[in-house]
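Visitor: I would like a close look at a single part of this model, with its contacts and charged pairs taken one by one.

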Amino acid sequence: MNKDQTEITTGKQIRHLRTQSGMTQEELAGKLNVTRQALSNWERDVNEPDLNTLKKICFLFGVHMDDFAKEVITKMEINEKEKSPFNKYDMAIGLFYAVGIFLGIGIFFVGGFLTMSGAGWGASLFSGGCFSIVFGLICHAVITLKRNDKS
């Protein structure tokens, strides 16, 4: 037997609680306001109930949520971490845009103070802005091409 066959899963726990209390799938599904097919899928570990349904199951059978669903909660937490909207590549892109902006501001002030004229300030504003945008876009393109987490 492999590890998956010996592991106590949420589906096995639901089936055990249901059969121990003498309920049919139809009866339990009715109490949970789900279809019998959904309950069957949970018991066969095809998919898992959401947290609200797990709370209902625990309440119905008088089982503490911590004891019942540790595995499911752990899986859900891992899935949430994987769905994180920001990863290291996104952070690097943001960092390089910020660096580009700061360098552009530096170009603006250095160019403006060197010329000390209205035209010089305007030119340094234009060149600093252009530098910021180009630097950010180039870094964005390079990081996007190099990233290895593309789906």
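Is E26 buried or exposed? And starting from there, which salt bridges does the structure hold, and where do helices α2 and α4 meet?

Guide: This is a predicted model, and what follows rests on its coordinates. E26 is exposed, because its relative accessible area is 54% and the cut-off for exposed is over 50%. This residue forms a salt bridge with R36, with 3.8 Å between the closest N and O atoms. E26 sits in helix α3 (residues 25-32) and R36 in helix α4, so the bridge links distant parts of the chain, 10 residues apart. R36 has 30% relative accessibility and therefore counts as partly exposed.

A search of the whole structure finds three salt bridges, and the pair of E26 and R36 is one of them. The others lead to the place where helix α2 (residues 10-20) comes up to helix α4 (residues 36-43). Two packed helices are described by the angle between their axes and the distance between the axes. Here the axes come within 7 Å and cross at roughly 120 degrees, which means that α2 is oblique to α4. From α2, the contact is made by G11, K12, I14, R15 and R18; from α4, L39, W42 and E43 take part. By type, the contact residues divide into three nonpolar, one polar and four charged.

Among these contact residues, E43 of α4 has salt bridges to R15 and to R18 of α2. With R15, the N to O distance is 4.0 Å. E43 lies in helix α4 and R15 in helix α2, so this pair ties together parts that are 28 residues apart in sequence. With R18, the N to O distance is 2.6 Å. That pair likewise links distant parts of the chain, E43 in helix α4 and R18 in helix α2, 25 residues apart. Taken together, R15, R18 and E43 are linked in a network of salt bridges.

The accessibility of the three network residues can be set out in turn. E43 has 2% relative accessibility and so counts as buried, the cut-off being under 20%. R18 is buried as well, as is its partner E43. R15, in contrast, is partly exposed because its relative accessibility is 35%. The network at the contact of α2 with α4 thus joins buried E43 and R18 to partly exposed R15, whereas the bridge from α3 to α4 pairs exposed E26 with partly exposed R36.

Conventions:
Residues numbered from 1 in each chain as written. Predicted model: local features only at pLDDT ≥ 70, side-chain atom pairs only at ≥ 80, totals over all residues. Heavy atoms only, no water. Axes fitted to C-alpha atoms, helices over the stretch in contact; angles between N-to-C directions. Helix = DSSP H or I, 4+ residues; strand = E, 2+ residues; numbered from the N terminus. Parallel < 35°, antiparallel > 145°, perpendicular 65-115°, else oblique. Contact = heavy atoms within 4.5 Å. Nonpolar A, V, L, I, M, F, W, Y, C, P; charged D, E, K, R; others polar. Salt bridge = Lys/Arg side-chain N within 4 Å of Asp/Glu carboxyl O. Buried < 20%, exposed > 50% of the residue type's maximum accessible area, 1.4 Å probe, protein only.
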